[in-house]
Amino acid sequence: MTAPAIEAVDLVKRFGDDPDERPAVDGVSFTVPQGTVLGLLGPNGAGKTTTVRMMTTLTEPTSGTARVAGYDVCTDPAMVRSNMGLTGQAATVDELLTGRENIRMIGALYGIGRRDVARLGDQLLEQFSIADAADRPVKSYSGGMRRRIDLAVSLIASPPVLFLDEPTTGLDPRSRIDLWDVLRDLVSRGTTLLLTTQYLEEADQLANDIVVMDRGRIIAKGTPLQLKQQAGNASLVVTVSHAADLPTARELMARAGIEVHVDAGARRLTAAAEGIADMTRVAGWLQDSRIEVDDIGLSRPSLDDVFLSLTGHRAEDDENEESRV
Ligand SMILES: Nc1ncnc2c1ncn2[C@@H]1O[C@H](COP(=O)(O)OP(=O)(O)OP(=O)(O)O)[C@@H](O)[C@H]1O
Ligand SMILES: [Mg+2]
């Protein structure tokens with residue numbers, strides 16, 4: 001068995017001196033096997049960035065430790081740094097240099113040969129669709145372009161372990177999907193990825209495992225599927241074409257022994273369902289009774305539902321700490 005690529009061991013970070021105040025990160029432990037993706041989820045202020053900063057040697061843990069590629073962040077920070085890449089929440093590229101010059105500079109810092117940097121750089125500029133702007137100073141880039149050059153730069157050294165703090169914040173949908181493809185490609189070639197995100201779909205798309213944090217603590221762990229199952233069962237949703245059919249449709253669905261919720265305005269009936277078998281059964285009954293339907297489908301809880309059921313609030317709407325107590 002190989003050692004995990006990333007390991008957090010009871011990480012604690014306290015910013016103030018007040019022992020009564022809850023630490024920003026309050027005893028966080030998890031492991032990330034090599035070649036997999038961990039999604040670190042949580043609302044604003046949950047402690048995601050602070051956790052990443054401790055794991056990437058940018059700030060010292062108050063207690064506990066972390067290991068990256070087998071090296072301890074407290075006792076071996078230089079080895080940790082040479083085995084990881086980081087894209088922080090705020091862009092770190094040099095504004096006055098062009099995109100290409102930024103790549104060259106970082107390549108040189110990592111001791112990569114000029115020719116390799118040029119080749120890799122071209123490839124990354126192309127991949128992130130910034131080839132056209134490569135020779136313009138970064139200060140002329142849009143927010144999304146900065147985000148992308150930042151990511152390109154963090155990939156130049158091909159580190160085995162990559163930390164990305166909200167990598168797709170500020171990207172348009174097309175660029176987000178492109179970036180997901182780049183990341184999947186990296187992971188398929190053995191890179192281990194830890195990414196924080198507020199986009200639950202992103203975690204769903206990319207992560208093998210998810211850790212959900214809230215107010216410094218881990219409140220749930222599991223695969224995306226496990227977390228979704230935890231949030232409840234699937235439901236069967238039927239939209240009848242004619243409102244007059246609602247009562248009959250309701251009776252039919254109730255035959256399956258389940259409680260049916262009717263939204264008369266939308267001509268929609270909803271009931272808990274085990275799976276596809278329930279759906280096909282009900283579809284058959286509806287057809288036998290000649291009830292026309294606009295739509296019939298099975299809906300599973302989304303990660304949004306999971307988040308809501310775990311934290312009592314959605315990922316986006318929690319600017320105000322007080323509002324959730
Ligand atoms: N340098 C600092 N000094 C004091 N408090 C800090 C510092 N950095 C973070 N904090 C506090 O630690 C807590 C966790 O912050 P952190 O940035 O880790 O959250 P986050 O999960 O990354 O949030 P976001 O989704 O908004 O990026 C917050 O209450 C924040 O105010
Ligand atoms: Mg953050």
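**Figure 1. Helix H4 and its surroundings in the predicted model.** Ser129, just after helix H4, adopts a positive phi of about 50°. Helix H4 itself covers residues 114–127. Its 14 residues should span 20 Å at 1.5 Å a residue, and the end C-alpha atoms are indeed 20 Å apart, so the two values agree. Val117, Gly121, Leu124 and Leu125 are the buried residues of H4. Because these residues cover an arc of only 95° around the axis, they lie on the same side of H4. The packing partners of the buried residues are helix H3 (99–109) and helix H5. On the face of H4 turned away from the buried side, the exposed residues Arg115, Asp116 and Arg119 are found.

**Figure 2. The largest nonpolar core of the model.** This core comprises 64 residues. Within the core, Met55, Val68 and Ala152 have the most contacts. Helix H5 (residues 143–155) supplies the largest share of the core, namely six residues. The contacts of Val68, leaving aside residues up to four places away in sequence, are with Ile6, Met55, Val73, Val80, Asn83, Met84 and Val161. Another core, of 11 residues, lies apart from the largest one and includes Leu236, Ala271, Val282 and Leu286.

**Figure 3. The four-stranded open sheet and helix H1.** The strands follow the order E2-E1-E4-E5, and their pairing is antiparallel. Strand E2 (25–32) and strand E5 (71–72) occupy the edges; each has a single partner strand, so one side of each is left without a neighbour in the sheet. Strand E1 (residues 6–13) and strand E4 (residues 63–68) run antiparallel and are joined by five bridges. Glu7 has Arg67 in E4 as its bridge partner. Helix H1 (residues 48–55) packs on this sheet, where it touches E1, E2 and E4. The direction of H1 makes about 115° with that of E1.

**Figure 4. The six-stranded open sheet.** Here the strand order is E6-E7-E8-E3-E9-E10, with mixed pairing. Strand E6 (84–87) and strand E10 (217–222) are the edge strands, each pairing on one side only. On average, neighbouring strands of this sheet are turned by 15° against each other, direction ignored. Strand E9 (residues 209–214) pairs with E10 in the antiparallel sense, over five bridges. Val212 stands opposite Ala220 in E10.

**Figure 5. Helix H10 and the residue Arg290.** Helix H10 consists of 13 residues, 276–288. From its first C-alpha to its last, H10 reaches 18 Å, close to the 18 Å expected at 1.5 Å a residue. Just after H10, Arg290 has a positive phi of about 55°.

**Figure 6. The protein chain as context for the close-up views.** The chain contains 11 helices and 14 strands. Its C-alpha trace spans about 75 × 55 × 45 Å along the principal axes. Of the 325 residues in the chain, 37% are buried. Among contacts with a separation of 6 or more, 69% are accounted for by residues 24 or more positions apart.

Terms used
Residues are numbered from 1 along each chain as its sequence is written. Chains are lettered from A and ligands numbered from 1 in the order in which they are written. This is a predicted model: local features need pLDDT of at least 70, side-chain atom pairs count only at pLDDT 80 or more; totals for chains, interfaces and linings use all residues. A nonpolar core is a set of buried Ala, Val, Leu, Ile, Met, Phe, Trp, Tyr and Cys residues joined through C-beta atoms within 7 Å. A residue is buried if 20 or more other C-beta atoms lie within 10 Å of its own, exposed if 12 or fewer, and partly exposed in between; C-beta atoms are placed from the backbone. Helices (H or I, at least four residues) and strands (E, at least two) are DSSP runs, numbered from the N terminus. Two residues are in contact if their C-beta atoms, placed from the backbone, lie within 7 Å. The expected span of a helix is 1.5 Å times one less than its number of residues. The arc is that of the directions from the helix axis to the C-beta atoms. Two strands pair if DSSP finds at least two bridges between them. Axes are lines fitted to C-alpha atoms, for helices over the stretch in contact, and angles run from 0 to 180 degrees between N-to-C directions.
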